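Visitor: Could you take me on a close look at one part of this model, and tell me what surrounds it?

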Amino acid sequence: MTALLTVRDLTVRFGGVTALDEVSFAVPAGQVCGLIGPNGAGKTTLFDCVSRLTRPQAGRIELGAGPAGPAGQDLLALHPHQVAALGIARTFQHLGLVASLSVRDNVMLGAQHGSRAGFAASALRLPLVRAEERELRRRADQVLDRLGLAGIAAHPAAGLPYGTLKRIELARALAAEPTLLMLDEPASGLAHGEVDELAELIEDVCGDGELTVLLVEHHMGMVMRLSDTVVVLDFGRVIAAGAPAEVREDPVVLEAYLGAAT
């Protein structure tokens, strides 16, 4: 199966601490790959490497390459805005919404990486800018409608329920029209019913097989429900990878993570 994202021997050290230790795995195109492990296992560090917020000491991250095939686009050679322009979007553990902006404007921010208008054009309100703003608004409204948020599009983000803010964060990432969506603990802080609702939304947006998802989440029910494959990290190393049912029964995983959570 073709991999959209391939991580090869990725190593990250912070001083004397090794956050990632020769991590290798592939994310098949059109599938959901769950990335799990105890706190401090290196999951968010890996996300930060893919989005170019952290520079690894060794290894490669390739877009559009099979694990044993020819090399793909080397993401580590790019700047963060170039990675985003390739169709990679992410959410963060902690919400980064602008409270004073409307829900629609927050979502429009997620689509602006592809804007062709420069500073001068924006300042002068040239036709190119107005046309792009209309397109950004259209994309934002389309995503908001799909996620059941159209009714609050004009409402400021401030004061909305936490579960709603989580959905807005997802909408902002989807407005970038990504091919790879990285979700960093999207269910954190949600009530049980809200977790189920969020899982249904993610299933819906992934239903056509055009979106590839790398999911970091501590809610094991959600991971096992959504994931086609699961990769387990512990102390910065991959200790297991495979189908959810296989990983769930792996004794090494049970000892390192799943068993400790029960």
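Guide: Gladly! A disulfide here is a pair of cysteine sulfur atoms within 2.5 Å, and by that rule the structure holds zero of them. The model is predicted, so local features need pLDDT of at least 70 and side-chain atom pairs pLDDT 80 or more, while totals for chains, interfaces and linings use all residues. Residues are numbered from 1 along each chain as its sequence is written, and side-chain values use heavy atoms, without hydrogens or water.

Two cysteines are worth a look. Cys49 has 0% relative accessibility and is therefore buried (under 20% relative accessible area with a 1.4 Å probe, protein chains only; over 50% is exposed, and in between is partly exposed). Cys206 is buried too, at 13%.

Cys49 leads us to helix H1, residues 43–50 (helices are DSSP runs of H or I of at least four residues, strands are E runs of at least two, numbered from the N terminus). Seven of the eight residues of H1 are buried, which leaves the helix mostly covered. Among the buried ones are Leu46, Phe47 and Val50, together with Lys43 and Asp48. Just after H1, Arg52 has a positive phi of about 70°.

Now to the sheet, the part I would linger on. Four strands make up an open sheet, and reading across, the order is E2-E1-E4-E5, with antiparallel pairing (a pair needs at least two DSSP bridges). The edges belong to E2 (17–28) and E5 (73–74); each has a single partner strand, so one side of each has no neighbour in the sheet.

Follow E1 and E4 in the viewer: E1 spans residues 3–14, E4 spans residues 58–63, and the two pair in the antiparallel sense over five bridges. A handy place to orient yourself is Leu5, which stands opposite Leu63 of E4.

Stay in E4 and you will find Glu62. What is the relative accessible area of Glu62? The value is 2%, so this charged-type side chain's residue counts as buried. The side chain of Glu62 makes a polar contact (N and O atoms within 3.5 Å, one able to donate a hydrogen and the other to accept it; sequence neighbours count only through side-chain atoms) with the side chain of Arg8, at 2.7 Å. A second polar contact joins the side chains of Glu62 and Arg60, at 2.5 Å.
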